[in-house]
Amino acid sequence: MIDSASTTCYPRIVEPWVLRNDQNNFVLYKNSAAEIQYLVLSPLQAIIAPFLNGKYSAKELSSIWLELTKPFQPEVIPFRTIIGELIDEGIVSDYGRSSLDIEESPLFIPDLLRYVWPVERTTQPLTALVSLTNTCDASCKYCYAERKRIVELSKSDWFTVFDKLSAAQMTIVDIGGGDPFCRQDILELLEEMLRRKFVFNVSTKSYIDSDRAAVLGALDWDTSSTGTHQFQISVDSIDDSIASSMAGIRNHVYKTKRSLKNLMAEGVTPRIKCVLTPGNLSGIERFVEEFGMLGVESFQFVQYGRSLYRHDDSLFLSLSQKKSLSNQFKKIIQSYSDLHIVYQDDTSISNCQFTSQEWNDRVICTGGRSALLIMPNGDVTLCDQLPHEDAFIVGNIISDDLDTIWNSNKLDSFIHPSKSKFEGSVCFECDDFSECHHGKGYCYRDSYLAFGTLYTAPPSCHKQSASGKRML
């Protein structure tokens with residue numbers, strides 16, 4: 001607990017949380033590509049947030065708070081009460097005095113007369129996913145990528161894109177699309193992203209030879225399991241016949257082990273990612289043990305999910321398999337406590353409907369609200385699992401300014417579709433339409449994957465019918 005009278009307590013925003021001036025308000029966001037979280041501060045939180053930098057004791061903060069709030073507060077509210085939510089969420093904590101040389105700018109004090117809160121979307125995008133290429137040497141059974149053949153941006157074009165993202169104060173610029181190591185200039189692109197201190201993960205199934213590993217090792221690379229620049233190798237079994245069949249790559253396990261050896265010789269310790277289907281459930285503990293013995297410290301296991309282009313219902317895990325895995329991973333994580341193991345512990349029935357309460361508590365869709373996607377030719381869309389077609393494109397990052405795209409009518413109409421477009425669907429006569437589509441938003445990706453249209457509720461909606469059409 002933070003005592004407002006303490007002279008030894010120096011509250012500050014803890015890493016990886018970052019405070020950003022978002023023009024109309026202040027935003028706290030988690031500077032991590034693995035877990036996108038953000039919070040638009042209330043006006044009162046915004047007054048004190050810039051001072052939560054470890055330079056001021058709790059007693060000093062209390063005095064600053066009283067001085068700054070005199071014009072606005074008829075009654076004094078302790079600053080501890082105002083930042084209580086931030087403390088409870090672990091965003092602000094009690095530390096000793098910070099040794100950081102933090103430059104305080106008066107421009108970072110909120111203009112409460114123009115402050116906008118609460119808000120549905122950020123003034124500027126917080127995160128971007130860049131698809132550097134559609135090309136991939138693998139042919140994974142579970143892949144959701146479209147792999148559309150297009151003319152891809154040049155290296156200099158991508159540098160221009162990075163300039164625009166940096167100018168918009170964006171730090172989370174993750175990498176998606178095909179396998180980035182299919183680009184001959186990938187090492188130069190990664191170097192530029194690292195130089196700009198972008199936060200991202202880069203994942204590959206490509207073989208990393210000793211020459212490429214040497215260049216990667218020379219970069220300013222973060223090799224910790226929870227770092228801001230993570231290198232990931234994807235392989236789905238320690239059994240080569242299973243791994244090769246799932247990825248469409250011959251001798252996949254052998255090549256993966258060679259890549260690991262080359263990378264670790266240069267000081268780069270990758271994370272291993274594995275997609276779980278009924279075909280590769282056996283030998284998970286052996287998978288962790290063998291790769292752990294090779295020096296891997298971090299693992300991520302995810303369950304197969306529906307895709308548009310290569311979907312196969314037989315790849316879904318059954319409920320009994322999910323429950324068995326949940327128990328198995330609890331034991332594995334306990335047995336290998338020195339390793340960082342993340343498992344998607346989902347024991348729900350695949351594509352099941354939410355209850356009314358679960359629907360109301362669903363996660364907010366970030367596409368167009370805080371995030372965007374840049375395709376290999378510079379086209380901007382809002383979801384990497386929708387087709388690369390004109391109907392889903394809201395601009396082009398090379399020909400358009402980022403602000404113009406973010407505030408365009410096309411983007412707005414995409415995330416705030418008119419009710420008339422839903423005629424004949426369960427949404428059309430629903431009393432919650434405005435809250436669903438103009439509040440939290442709905443998963444237009446799931447709607448499209450299940451029913452071939454954006455303009456109906458996704459299968460998880462508790463009011464949805466099996467056909468996606470309005471029930472008579």
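**Close-up views of a predicted model**

**View 1. Ser314 in a loop of the predicted model.** At 48% relative accessibility, Ser314 counts as partly exposed, because that class runs from 20% up to 50%. The residue sits in the loop between strand S11 (298–303) and helix H11 (319–335). Arg147 gives a reference point for distance: 167 residues separate Ser314 from Arg147 in sequence. In space, their C-alpha atoms are 23 Å apart. The model shown in this and every other view is predicted.

**View 2. The whole chain, for orientation.** The chain holds 16 helices and 15 strands. Its C-alpha trace spans about 70 × 65 × 50 Å along the principal axes. A compact globule of 472 residues would have a radius of gyration near 23 Å; the value for this chain is 24 Å, so the two agree. Of the 472 residues, 49% count as buried. Contacts with a separation of 6 or more were also sorted by distance along the chain: 72% of them join residues 24 or more positions apart.

**View 3. Surface and charge.** The chain exposes about 22,500 Å². Carbon and sulfur atoms supply 49% of that area. Positive side chains number 46 and negative side chains 60. The centres of these two sets lie 4 Å apart.

**View 4. The cis peptide bond before Pro16.** Glu15 and Pro16 are joined by a cis peptide bond, with omega near 5°. Pro16 belongs to the loop between strand S1 (10–13) and strand S2 (17–21).

**View 5. The cis peptide bond before Pro118.** Here the bond joins Trp117 to Pro118, and omega is about -5°. The loop that holds Pro118 runs between strand S5 (92–95) and strand S6 (127–131).

**View 6. Lys197, a non-glycine residue with positive phi.** Phi at Lys197 is about 65°, although the residue is not a glycine. Lys197 is placed in the loop between helix H6 (186–195) and strand S8 (200–204). Its relative accessibility is 59%, so Lys197 counts as exposed. The cut-off for that class is over 50%.

**View 7. Asn251, between two helices.** Asn251 is not a glycine, yet its phi is positive, at about 55°. The residue lies in the loop between helix H8 (240–247) and helix H9 (252–265). With 41% relative accessibility, Asn251 counts as partly exposed.

**View 8. The largest nonpolar core.** This core has 83 residues. Leu165, Leu190, Phe231, Leu276, Phe287, Phe299 and Phe301 touch the most other members. Helix H6 gives the most to this core, with six residues. Apart from it lies another core, of 28 residues. Its members include Leu19, Leu28, Leu41 and Ile47.

**View 9. The surroundings of Phe301.** Phe301 is one of the residues that touch the most other members of the largest nonpolar core. Neighbours within four places in sequence are left aside in this view. Beyond them, Phe301 is in contact with Cys274, Leu276, Ile284, Phe287 and Val288. Phe301 also contacts Phe329, Ile341, Val342, Tyr343 and Gln344. Among these partners, Leu276 and Phe287 are also listed with the residues that touch the most other core members.

**View 10. Phe428 and its loop.** Phe428 is found in the loop between helix H14 (409–415) and helix H15 (433–440). At 26% relative accessibility, Phe428 counts as partly exposed. Leaving aside neighbours within four places in sequence, its contacts are Lys419, Ser420, Phe422 and Glu423. Ser418 is ten residues from Phe428 along the chain. The C-alpha atoms of Phe428 and Ser418 are separated by 10.0 Å.

**View 11. Glu85 in helix H4.** Glu85 is part of helix H4 (residues 84–88). Its relative accessibility is 41%, and Glu85 therefore counts as partly exposed. Outside its neighbours within four places in sequence, Glu85 is in contact with Leu39 and Gln45. Tyr115 is 30 residues from Glu85 along the chain. Their C-alpha atoms are separated by 20 Å.

Note on methods: Residues are numbered from 1 along each chain as its sequence is written. This is a predicted model: local features need pLDDT of at least 70, side-chain atom pairs count only at pLDDT 80 or more; totals for chains, interfaces and linings use all residues. Side-chain values use heavy atoms; hydrogens and water are left out. Helices (H or I, at least four residues) and strands (E, at least two) are DSSP runs, numbered from the N terminus. The radius of gyration is taken over C-alpha atoms; the globule rule is 2.2 Å times the number of residues to the power 0.38. Buried means under 20% relative accessible area, exposed over 50%, partly exposed in between (1.4 Å probe, protein chains only). Contact means heavy atoms within 4.5 Å. Accessible areas come from the Shrake-Rupley method with a 1.4 Å probe; for residues, only the protein chains shown count as cover. Lys and Arg count as positive and Asp and Glu as negative; His and the chain ends are not counted. The place of a charge is taken as NZ of Lys, CZ of Arg, CG of Asp or CD of Glu. A nonpolar core is a set of buried Ala, Val, Leu, Ile, Met, Phe, Trp, Tyr and Cys residues joined through side-chain atoms within 4.5 Å.
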